[in-house]
Structures are given as C-alpha cells and as structure tokens.
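Please find below my notes on the model, set out as numbered points for discussion. They deal in turn with the overall fold, the core, the pockets, the backbone and the cysteines.

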Amino acid sequence: MKMTLMTGKIIFVGVVVCGIVVAAGVVGYHNWAFTAAGKTCLAKDAYCKGDYVKALALMKDADQNDPEIQCFFGWMYYKGEAGLSKDSVKAVEFYRKAAEQGEAAAQNSLGWMYYLGEGGLPQDSVKAVEWFRKAIEQGEAFALNNLGLMYNKGEGGLPKDPVKAVEYYRKAAEQGNALAQCNLGIMYQKGEGGLPKDPVKAVEFYRKAAEQEHVNAQCQMGWMYLHGAGVPLNDAEAVKWFRKATEQDHACAQYYLGWMYSQGKGDLPKNDIEAEKWYRKAAEQGDREAQYYLGVMYQNGEGGLTKSDIEAVKWFHKAAEQGHEMAKTQLTALEVNLKR
C-alpha cells in the first residue's frame, strides 16, 4: 500500500509491505518503483495481499537472489497460481535456493516436500525433520506444527511421543497457527499427549482455527455442535459450520450437510434431493459414510434417483473397501439377490 506522510513541506513516500512501512525515499517513489529493489518490495506487498497475478508480474523483474522472492516462486509453482503451470520440481528448485539462504518458510516447505516425496525428491522423513528443525530455529510456526506431527506419528527417526507433539503444537498455536490450533483441539478432544479429555478446550482451539478459515476445524466445530460436545447442542450452528467447510469442498462436511438435509435438522427442510446432492459430492471424494448412504438411496430409489441395485452395489462396495461394516452387510445381501 502506498503511504504519503506530510510534515511541513517535506513529503515522505513509502510502501507498507506485509504490515511494515518501507521507506522509498523523498518524492522519488516512482523512480524507485521501477528499480529491481522497488519491484522486489512491491512484489512482496502484492503477495502478502493475495494478489498473485500482480506479484508474479513484479517478481519477474525483482531481485532473483532475494530468498523471499525465491520462496514465493516456489509456492506459486507448487500451487499453480497466477497462470503458472503446477510444477513441483520447479517449486523444489526455488525452495532449495531460498532455504539455503536461511529463509525459514522455504526450509519448512522443503521439509514438507521431502516428507511427501514430491518435486523429484525421495520420500525421506528424516530429511524432512532436518529442514523443519532449521526453520524452527527461526521460530517458524508451520515447522513447529510439522515437527509436532512427526512426534505424534513417530516418524523421521523420532520416537512416537504425543506429549512432545503437544509441546510443539502449543508453541505454534501460540503464534496463531491454525493448523496447530486444530491439532491441539484434536488432542484435547481425545485426551492425548498428556492432556485431559476436555471438549470445552477442544472447542476453544477449534474455534480459533475455524475463524481463520481452517476447513478441518470448521467441520470439527459442526460436529461439536451436532453432538453437544463442549458446547450446547445446536443443530443450526452445526449446519452453519458444516456449510462453511463445504465452501472449501470438505468431503466430511458435505456428508454431514447431506445427513442434516435427510433428517430435516438445523432449520433445514427435510429434502432427500439435497441430501443426495451432498452425499454424492462427498462420496466422489471418497467419504465412506457418504458412499454408504448414497448406496442406500439407490437401493430405495430415494432423492430423485431411479432404484438400482447395481448402483447400490457399486457404492456399497466402495464404502466396504474402506471398512464400513454396514456397507459390507448390505453388499453381501445385495450380491446374493443379484445372483438369483
């Protein structure tokens, strides 16, 4: 954001980059804006505001050795933002350049790429931990959360230690990291990592994450309201949070919204057609509950569907493959009928 401050006859012009006022000199702002240093600064500002098209245009003429610019390029290639083709190999290339210059966010991202085995890298959780630790030395919140995950799973050469996981989640959560807040909520809900089972504390952390648009936390908030866990039972609030999560295409939330329509809960009308729509969205993303209920709708000819045992078997089979016991029972019965 361009900022002009007038003091007597002196005009000071600067740019606010991610909340920091960066001086551009007196009056010479326009000349500065066309320099590599100026474009570097303005690119960072556009990136922080989420204007990736503008950021990319500026980044091309920015200082290519700037580690933040390199990290931005890495993220944009990884996500395929601003018209760039998704390219995880290119993303790793830029992350590594920035990480080797000490850029904490890039160190964390490079660690994550090693953990996933993406971008031409071998899947190497030990190497991932190494990079997470480098980022943590600079207080990187995402790396704190990721190291917590590694301790919780016992990966990367680390012992399985949920207590240590909670320690790292909490450090990240205190920095406002939504991933860590959600993970800490899960630990309180389950009573793991040395924490008491405390649904009220779980809701506290889920809410913090959900208010930052963390999709899993939004779905968890819906579940807590649906079951009256840590909050008063409130179907309307449950629907509100499930719907927020469906806006980010969250499969479990889609299933629950479908179920709410099938039951006519939370101020929703009982509507099997809407239920079928949401079940299908979730089922196509692999949600086993939605697959089961979509199979039931085909079996009974509900939700505007033509009754079809063949379609029912298809969806029961998908759910059964994921261990859904009721789907296994229905599948066995239907397959016997189809063979007659």
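1. What percentage of the 340 residues of the protein chain count as buried? The figure is 46%, and it should be read with the reminder that this is a predicted model. The secondary structure of the chain comes to 18 helices and three strands. Among contacts between residues at least 6 apart in sequence, 43% join residues that are at least 24 apart.

2. On the core, the largest nonpolar one has 103 residues, and those with the most contacts inside it are Met59, Leu110, Leu184, Phe242 and Phe316. Helix 12, which spans residues 215–227, gives the most to this core, with seven residues. As general background, nonpolar side chains in soluble globular proteins tend to be buried together. For Met59, once residues up to four places away in sequence are set aside, the residues touched are Ala43, Gln64, Ile69, Phe72, Phe73 and Met76.

3. The largest pocket has a volume of about 900 Å³ and is lined by 23 residues, of which Trp75, Asn108, Ser109, Glu140 and Phe142 lie nearest its centre. Four helices, namely helix 4 (67–79), helix 6 (104–116), helix 8 (141–153) and helix 10 (178–190), each supply at least two residues of this lining, and helix 4 gives the most, with six residues. Sorted by class, the lining of the largest pocket has 13 nonpolar, five polar and five charged residues.

4. The second largest pocket has a volume of about 220 Å³, and its lining is made up of Leu179, Cys182, Asn183, Ile186, Gln212, Glu213, His214, Val215, Asn216 and Gln248. Helix 10 and helix 12 each supply at least two of these lining residues, with helix 10 giving the most, at four residues. By class, the lining of the second largest pocket has four nonpolar, five polar and one charged residues. Helix 10 thus contributes to the linings of both the largest pocket and the second largest pocket, while helix 12 contributes to the lining of the second largest pocket and to the largest nonpolar core.

5. Two backbone positions deserve a look in the model. Most residues other than glycine have a negative phi. Asp249, however, has a positive phi, near 65°, and is found in the loop between helix 13 (235–246) and helix 14 (251–263). Because its relative accessibility is 46%, Asp249 counts as partly exposed. Asp267 likewise is not a glycine and has a positive phi, of about 70°; its place is in the loop between helix 14 and helix 15 (272–284). With a relative accessibility of 75%, Asp267 counts as exposed.

6. Which cysteine sulfur is nearest to that of Cys219, and how far away is it? The structure holds zero disulfides. The sulfur nearest to Cys219 is that of Cys252, 4.1 Å away, and Cys219 is in no disulfide, a disulfide here requiring sulfur atoms within 2.5 Å. Cys219 counts as buried because its relative accessibility is 4%, which is under the 20% cut-off. Cys71 is also buried, with a relative accessible area of 8%.

Terms used
Residues numbered from 1 in each chain as written. Predicted model: local features only at pLDDT ≥ 70, side-chain atom pairs only at ≥ 80, totals over all residues. Heavy atoms only, no water. Core = buried A, V, L, I, M, F, W, Y, C linked by side-chain atoms within 4.5 Å. Buried < 20%, exposed > 50% of the residue type's maximum accessible area, 1.4 Å probe, protein only. Contact = heavy atoms within 4.5 Å. 1 Å grid on protein atoms, 1.4 Å probe; cavity = no way out; pocket = protein on both sides within 12 Å on 5 of 7 lines; lining within 4 Å. Points joined across faces, edges and corners; volume = space filled by probe spheres on them. Nonpolar A, V, L, I, M, F, W, Y, C, P; charged D, E, K, R; others polar.
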